[in-house]
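Take a look at the model below. This report walks through how its parts meet.

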Amino acid sequence: SFCCLSSSRLPKFAEPHLLSLPSSVASRALVVPSASMQYDKELAAATKAVSLAASLCQKSQKELLRSDVHSKLDRTPVTVADYGSQAIVSIVLERELSAEPLSLVAEEDSGDLRKDSGEDTLHRITKLVNETIENDGSYGASLLSPEDVCRAIDSGKSEGGSFGRHWVLDPIDGTKGFLRGDQYAVALALLDDGKVALGVLACPNLPLASIAGNVTQENVVGCLFYAKVGSGTFMQSLDGSSPVKVHVSDIGNSEDASLFESYEEAHSMQDLTSSIARKLGVKAPPVRIDSQVKYGALSRGDGAIYLRFPHKGYREKIWDHAAGCIVVTEAGGVVTNAAGQPLDFSKGRYLDLDTGIIATNQKLMPSLLKAVRESLEERSSSL
Ligand SMILES: Nc1ncnc2c1ncn2[C@@H]1O[C@H](COP(=O)(O)OS(=O)(=O)O)[C@@H](OP(=O)(O)O)[C@H]1O
Ligand SMILES: [Mg+2]
Ligand SMILES: [Mg+2]
Ligand SMILES: [Mg+2]
């Protein structure tokens with residue numbers, strides 16, 4: 001069943017303010033921001049963009065019809081909400097950060113929408129985007145045309161890389177979960193010289209209370225996670241409760257750990273997860289959740305381990321991990337490839353990665369790496 005928020009109020013995000021310093025100090029502080037102020041403007045813009053995109057997705061999920069679904073050439077589904085969410089984020093970042101040129105690496109493009117067969121879909125996206133912007137009220141009454149919407153979507157064609165600033169967006173991560181009425185996320189991160197500087201993750205169907213053991217009593221649903229390098233990870237409800245600092249699980253005994261993996265069997269080798277879990281003595285069955293919601297849930301300790309081993313030949317994209325990765329690491333966790341090396345987001349649209357992604361806390365990482373190595377060795381010798 002759908003879990004949707006009724007309120008479209010946006011989280012209040014305070015601009016950093018200078019304390020009453022002498023003006024000479026204050027102006028210096030503006031020129032060279034302290035570590036705690038760095039990226040504050042970008043984080044406020046990202047939070048606003050993702051919150052608006054999430055409210056568009058919630059509205060669309062409620063109205064979901066089969067005709068909303070298009071198929072890309074790679075046969076993954078795309079919905080009106082994927083395009084609408086990408087357009088909204090692109091527009092908000094452009095308007096909030098107009099002083100800097102926007103480089104955006106994002107999943108969708110307007111190719112199919114510009115075809116005759118896409119006309120109806122494009123009109124519905126345009127309507128949804130305009131309604132969302134109008135509802136928010138901060139950008140006046142000027143309406144966007146279908147062409148404006150296509151252009152906003154296509155600003156996501158950047159190739160990223162290791163120099164300068166690039167935004168990284170998955171407008172709906174877990175489209176299949178979105179279609180089922182299950183978990184999905186809007187995931188936005190900022191790369192600065194190839195490193196993730198901040199990440200924001202909206203999880204519109206994730207309960208505010210823990211889902212440990214895959215159950216929750218909580219009826220407040222919809223979380224926003226945000227993290228800035230060196231400043232920790234915070235979570236608030238999507239309708240704007242005050243933020244709380246979150247931390248990964250401090251479990252040190254792997255038998256007590258619970259483990260997250262993809263919902264879709266095609267996305268991760270679940271037999272490998274079982275083998276790793278057996279070696280670690282994990283008692284609970286793995287919890288299967290769609291999308292980067294797994295990183296959000298991990299960052300607040302709902303589970304202790306996330307394992308992802310795509311089938312051979314699949315290339316991971318940076319937008320599937322950048323925001324989730326900083327949300328977990330700033331909450332005290334560790335995210336690496338199967339060999340224990342940090343993920344490298346500086347190589348363009350793809351993550352340069354051969355085998356798998358693992359995430360857990362500092363205490364469990366050594367035994368997890370050992371179990372992963374042994375399971376991979378057994379697998380390759382049995383093939
Ligand atoms: N074959 C294969 N292997 C691995 N990963 C794949 C594969 N196909 C797709 N994808 C990507 O998985 C993203 C969905 O995230 P999850 O796998 O965590 O969730 S789920 O299992 O789909 O529920 C999903 O993100 P979205 O396209 O944004 O939904 C894809 O980028
Ligand atoms: Mg997709
Ligand atoms: Mg994705
Ligand atoms: Mg997506």
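## Where the domains touch

In this predicted model, 43 residues of domain 1 are in contact with 31 residues of domain 2. Several elements build the domain 1 side of this contact. Strand 3 (104–106), strand 4, helix 6, strand 5 (185–192), strand 6 (195–207), strand 7 (221–228) and strand 8 (233–237) each supply at least two residues. Strand 6 gives the largest share, with 7 residues.

What classes of residue make up the side of domain 1 that touches domain 2? There are 24 nonpolar residues, 13 polar ones and 6 charged ones.

## The two domains

The protein is divided into two parts. Domain 1 covers residues 31–246, and domain 2 covers residues 254–382. Their centres, taken over C-alpha atoms, are separated by 24 Å.

## The ligand shell

Where does ligand 1 lie? Domain 1 and domain 2 both give residues to the shell around ligand 1, so ligand 1 lies between them. In total, 21 residues surround ligand 1. The closest are Ser 262, Tyr 263, Glu 264, His 267 and Asp 290.

Two elements each supply at least two residues of this shell: strand 4 (165–173) and helix 6 (175–180). Strand 4 and helix 6 also each supply at least two residues of the side of domain 1 that touches domain 2. By class, the shell around ligand 1 has 5 nonpolar, 8 polar and 8 charged residues.

## A five-stranded sheet

Now follow one sheet, strand by strand. The sheet is open and has 5 strands, in the order 11-10-12-14-13. Its pairing is mixed. Which strands sit at the edges? Strand 11 (287–288) and strand 13 (333–337) do, and each pairs on one side only.

Look next at one pair in detail. Strand 10 (residues 259–261) pairs with strand 11 in the parallel sense, over 2 bridges. Here Glu 261 stands opposite Arg 288 in strand 11.

## Helices across the strands

Two helices can be placed against these strands. Helix 7 (residues 270–280) lies across strand 10 and strand 12 (305–308). Helix 7 runs at about 170° to strand 10.

Helix 9 (residues 322–329) lies across strand 13 and strand 14 (357–361). The angle between helix 9 and strand 13 is about 140°.

Technical notes: Residues numbered from 1 in each chain as written. Chains lettered and ligands numbered in written order. Predicted model: local features only at pLDDT ≥ 70, side-chain atom pairs only at ≥ 80, totals over all residues. Near = placed C-beta within 6 Å. Helix = DSSP H or I, 4+ residues; strand = E, 2+ residues; numbered from the N terminus. Nonpolar A, V, L, I, M, F, W, Y, C, P; charged D, E, K, R; others polar. Domains from an automatic or database assignment. Contact = placed C-beta atoms within 7 Å. Pairing = 2+ DSSP bridges. Axes fitted to C-alpha atoms, helices over the stretch in contact; angles between N-to-C directions.
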